[in-house]
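Good morning, colleagues. I should like to take a few minutes to go through one model with you.

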Amino acid sequence: MSIQTLRRAAALLEVLGVYLAGVFLENQIERLLVHRRLISTANPFNLLTAQTTNAELLVASRQLFLALMLQYGAYFLLIIPINWWYRQRGRAAYGLTRAGRPWKTLILAAFATSVLTQWPVFVHTLIDVVHPLGAMAPWRQAFFDMSWRRWQFWLFAGILTYALIPVLEELIFRGYYQRRLAEDWGDGPAIIGVACLFTFAHPQYLIANAYNISMIASLLFLAIGLGVVFAWTRSIVPSMIAHAIINVPLTPRLQGALLIVFAIGAFFAWRGGIKAVKQVFRDTSVPACIALAVLLTLYTIEAHRIHAMTQIAIGLLVLALILEGIDRRKSRSAMVASVLA
């Protein structure tokens, strides 16, 4: 096995392993906390109906915040030690820097990404208003049907959509998954593969009707855009901002107005967008893009359907660590040999 093949296999196995091993670790921590009566296992989405009260929204907000902290905290309890051991890198490995770019550049890149990639979601939503495309997940329908004219709704929405989720999801999907795969597969395959992982990791859209199929297509297009801006800037800031913009709940009328604004913005931003795409996908292997897209899509869809997948994922992660240990030992041997020579 060549060094490149070994490293590619290790990167893919690590990502596949962490994706479900993190869930396993989350469940173990949750059991411990529930046993000590520190948290509840109640699902916050079960509280959502068109008539959800302010008090229920506050309870749901608290439960959702704790659940997200537990979920993503479990992931990073795995990721941070592995990342430090194998690559010995700090926060820059997750894009948590400006990457030498001024804030103005990062913010403009975020808005350019928004206007170039988020219009399909708006078009999809407006079409659904005029001609319903099909049912959505019950909790999402309840979220849109309840009253928005109260701060309790916007608190819950901030946790679920535009404030907390963009930070957590971008850290894990772009800051870890994409960055890890890009190290050994290159930016292009990592962007396409993680876009598929991101898209199909949203189970609320895995309902077979026109609404969810078009939503998946829109989400995939958006995810590719988020991956491109992260690869181009090497900072997680623009993708977080762009992600937050698309997640802000808007009425159909406001979405229509914003779509016009985005169309104007896209007129000025498309040249820069094409330049960034060409730079990021330069020398990209098409077979590698297809391979990662297919593997990560199938793995994500089947991850929670096959009972033994969690055990398999833990095995994949262990195998990844073994391969990374072999690579680390070979790298050290080669370094010592070069010094002695």
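I shall speak about the nonpolar cores, then the surface, and finally the aromatic residues.

A word on conventions. This is a predicted model, in which local features need pLDDT of at least 70 and side-chain atom pairs count only at pLDDT 80 or more, while totals for chains, interfaces and linings use all residues. Residues are numbered from 1 along each chain as its sequence is written, and side-chain values use heavy atoms, with hydrogens and water left out.

Let me begin with the interior. A nonpolar core is here a set of buried Ala, Val, Leu, Ile, Met, Phe, Trp, Tyr and Cys residues joined through side-chain atoms within 4.5 Å. Buried means under 20% relative accessible area, exposed means over 50%, and partly exposed lies in between, with a 1.4 Å probe and protein chains only. The largest such core has 79 residues, and the members that touch the most others are Ile172, Tyr177 and Leu181. Its main contributor is helix H1, residues 3–35, with 11 residues; helices are DSSP runs of H or I with at least four residues, numbered from the N terminus. Another core, of 5 residues, lies apart from it and includes Ile191, Val228, Ala276 and Val280.

What does Leu181 contact, leaving aside its neighbours within four places in sequence? With contact meaning heavy atoms within 4.5 Å, the partners are Ala11, Leu12, Val15, Gly186, Ala190, Val194, Leu292 and Leu296.

I turn now to the surface. Trp119, Val123, Ile127 and Phe221 make a nonpolar patch of about 340 Å². Helix H4, residues 119–130, supplies the largest share of this patch, 3 residues. Val123 lies in helix H4 and counts as partly exposed because its relative accessibility is 31%.

Pro138 belongs to helix H5, residues 138–145. Pro138 counts as exposed because its relative accessibility is 68%. Its C-alpha atom is 8.8 Å from that of Leu48, although the two are 90 residues apart along the chain.

Finally, the aromatic residues. Rings of Phe, Tyr and Trp (its six-membered ring) pair if their centres lie within 6.5 Å; planes under 30 degrees apart are stacked, over 60 edge-to-face, and the rest tilted. By this rule there are 20 aromatic pairs. In one of them, Trp148 and Trp154 meet edge-to-face, at 6.0 Å centre to centre and 85 degrees between the planes. Trp148 is buried, because its relative accessibility is 17%, whereas Trp154, at 30%, is partly exposed. Both belong to one aromatic cluster with Phe143, Phe144, Phe153, Phe156 and Tyr162.

Methods:
Helix = DSSP H or I, 4+ residues; strand = E, 2+ residues; numbered from the N terminus. Patch = residues over 30% accessible without salt bridge, like charges linked within 9 Å, V, L, I, M, F, W, Y side chains within 5 Å. Areas by Shrake-Rupley, 256 points an atom, 1.4 Å probe, with all protein chains shown as cover. Salt bridge = Lys/Arg side-chain N within 4 Å of Asp/Glu carboxyl O.
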